[in-house]
Structure formats: structure tokens, C-alpha cells
Amino acid sequence: MKNAILFLIAIPISQIIFSQEMVILPHENPTELEWQGGEKSTYSEQWQTQLISNVSIPTLQIFRPEPSANTGTSVVIAPGGGLRILSINSEGVDVAKWLNTKGITAFVLKYRLLPENNNALPNETEENGNASSAMTKKMSKVLELATSDGLNAMAYVRGNAKELGIDPNKIGFMGFSAGGAVTMGVTFNYTKNNRPDFIVPVYPWMTVLGNYTVPLNAPPMFIICASDDQYDLAHESVELYSAWSKSGMNAELHMYSKGGHGFGMKTQHLPSDNWIERFYEWAVAEKIVVQQSQP
């Protein structure tokens, strides 16, 4: 794909036998949003994970399975964080590494976020709160940019499928919370070249998207959420499933009674810890993933 820049970062063989690759995606900014400085990273004691903020340049980090295990299936992963931060490990890198063990190539997407020019993490003040009208407008604009980043990620992966060793007809998009909104933004705006072959919205934030219509050629969908999600995303997930189902589209919903919000790959000693196993079982049943024969 034109205008994509590839970086190879050497990783010691004792850690992983492949190089990690970082791709800078094409990006334009037709908004008045301005970022100062680069990305900011910090560890959140509240969420017990590393967080990234102030992303102005969208990138893909590529995680490859062992060549002998490669199934050809791949997934673009969009971490969550309210369009203000990215939970880069538990909803990104850790997911990618797990998928690699199943022979699935993974691409962790850093999509553009709201500018956070003065703080490593968002400053949750009344003026800056998500509920204010000014912030709502900014959210809408950054969601458009993030959706564009998601579409460009899909186009890059499909356009370079041969070089990446993947099947151009088995590329999925998975997103968590705000990343789920990006997932659905991609789904509602795709063209032939950047259509996901399957989608996995995990506790997706749907209200930020407004009203939506199920595409005529909607991809199969696997939804994950917990009934006790503190942001009330369970009902949004049920409505999304119902919309797909009523339109005659392929959809599966797993709603856990407990799990809260943002569980990602964290261990809570709850059934929701195993959501990614359920995704894999669905992918095999749908022939999205063909299991490799055991020696």
C-alpha cells in the first residue's frame, strides 16, 4: 500500500524468533485537532496496565506466529480507552500474542486519540469531561480519524497479504470498548478493499456512533460483554446482536454475568477470563480458522 512506512525492530532470539514490525499508516487531518509532542506512556495503578495517550500518528505493530503454525487467518486489534487512551497490553499486545499461539497473525493498531498535550493521562475535569458539548464534538471528530485509521489498517493488511503470509479473505477486525466503536465504524464505512471478513466487538461503545444501519453484506460478528459492565455497554451489545440477527446476518453473543468493563486479557478468576477461547472456537466452527493438524 502506498505511503505506508515499515520499520523492523530487532528482538533478541531468546525472547521471540521473529522481528517485530511497525507500520506507519497513511493519515490526513481535516480537523482542527492539534497534538503537541509525541505519544505519552504511563502505568495506571487503577487499571493495572500500561496506557498510551496523545496518539497523532497511526501505526500497526505486526505479531507473526511461527511459520509452521501459520493458519493464514489474521486480525487487526484496536485497544480501548474512551478515544483518549489505549490499553495497549491487555487489549492489544497480550491479545496478539495469544492469537499467535493459535497460528493467527495479529496487527495491533494505535489509532489517533484526543490530544492530551499537558498530561500523560487525560485530565478528567468538568471542562474536559466526555459529557460536555465541546468534548462531544471533539469525540466525534477523533472517532472519524480513528475509523479512517482502521480502514487504512484493513487496506494495508489486505494489500500486502502475500508478503505478510496471510489469506486476503480471512482478515478480521477486533476492538475493545472505544476500539469496539472503531471496529463498528470500520464495519459501517468499508469498501471492497477494506471490508473485514469477520468482526469481534468486545464490550463495544456503541452510543458514540449514533444511529446505525446493518450493512447489506455485513461480516460475521462475535460479540463479548459482561452484564455488570459499569458503563452499561451490555445493553448496547444486545442491541447490536439483535440488529445483526434481525437482518439475517451471522452473529454470536457471549454475555457473562460478571466481568465488569475492560477485562481484556486480565485474570479475574471468572468465566469471562476465557472469552478469547470462545472466540477461537467460533472462528474454527465458522471455518475462519482451519486448525493445523497435530504431528
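Helices, like strands, are taken here as DSSP runs and are numbered from the N terminus, a helix having at least four residues. In this predicted model, helix 6 is followed by K287, a residue whose phi is positive, near 60°. Helix 6 itself comprises residues 275-285, and its buried residues are W275, I276, F279, Y280, W282 and A283. These buried residues lie on the same side of helix 6, because they cover an arc of only 160° around the axis. The elements against which they pack are helix 1 (89-101), strand 9, strand 10, strand 11 and strand 12 (251-256).

Strand 10, one of the elements that the buried residues of helix 6 pack against, is mostly covered, with five of its five residues buried. Both of its faces are covered, since F198, V200 and V202 on one side are buried, as are I199 and P201 on the other. Strand 10 runs parallel to strand 9 (residues 171-176), to which it is joined by five bridges, and within this pairing G172 has F198 as its bridge partner in strand 10. Strand 10 also pairs in the parallel sense with strand 11 (residues 221-226), in this case over two bridges, and here the bridge partner of I199 is M221 in strand 11. Together with helix 4, strand 9 and strand 10 make up a β-α-β unit that is right-handed.

A further buried position is found in helix 5 (residues 233-246), which contains S237. With a relative accessible area of 0%, S237 counts as buried, because that term applies to values under 20%. When neighbours within four places in sequence are left aside, the residues in contact with S237 are Y203, P204, I223, C225, L253 and M255.

The structure also holds eight salt bridges. In one of them E32 is joined to K141, with the closest N and O atoms 2.2 Å apart. This pair links distant parts of the chain, as E32 is located in the loop between strand 2 (20-24) and strand 3 (40-44), whereas K141 belongs to helix 2 (residues 133-159), and the two are 109 residues apart. The partners also differ in their accessibility class: E32 is exposed, having a relative accessible area of 54%, while K141, with a relative accessible area of 26%, is partly exposed.

A second salt bridge brings together the side chains of R112 and D149, at 2.8 Å from N to O. R112 is situated in the loop between strand 8 (105-110) and helix 2, and D149 in helix 2, so this salt bridge ties together parts that are 37 residues apart in sequence. Both R112 and D149 are buried.

Helix 2 also provides R158, which forms a salt bridge with D197. The closest N and O atoms of R158 and D197 are 2.9 Å apart. Because R158 lies in helix 2 and D197 in the loop between helix 4 (178-189) and strand 10 (198-202), the pair ties together parts that are 39 residues apart in sequence. R158 is buried, with a relative accessible area of 17%, and D197, at 17% relative accessibility, likewise counts as buried. The two residues take part in a network of salt bridges in which R158, R195 and D197 are linked.

How values were computed. Residues numbered from 1 in each chain as written. Predicted model: local features only at pLDDT ≥ 70, side-chain atom pairs only at ≥ 80, totals over all residues. Heavy atoms only, no water. Salt bridge = Lys/Arg side-chain N within 4 Å of Asp/Glu carboxyl O. Buried < 20%, exposed > 50% of the residue type's maximum accessible area, 1.4 Å probe, protein only. Contact = heavy atoms within 4.5 Å. Pairing = 2+ DSSP bridges. Right-handed = clockwise from strand over helix to strand, strands pointing away. Arc of directions from axis to C-beta.
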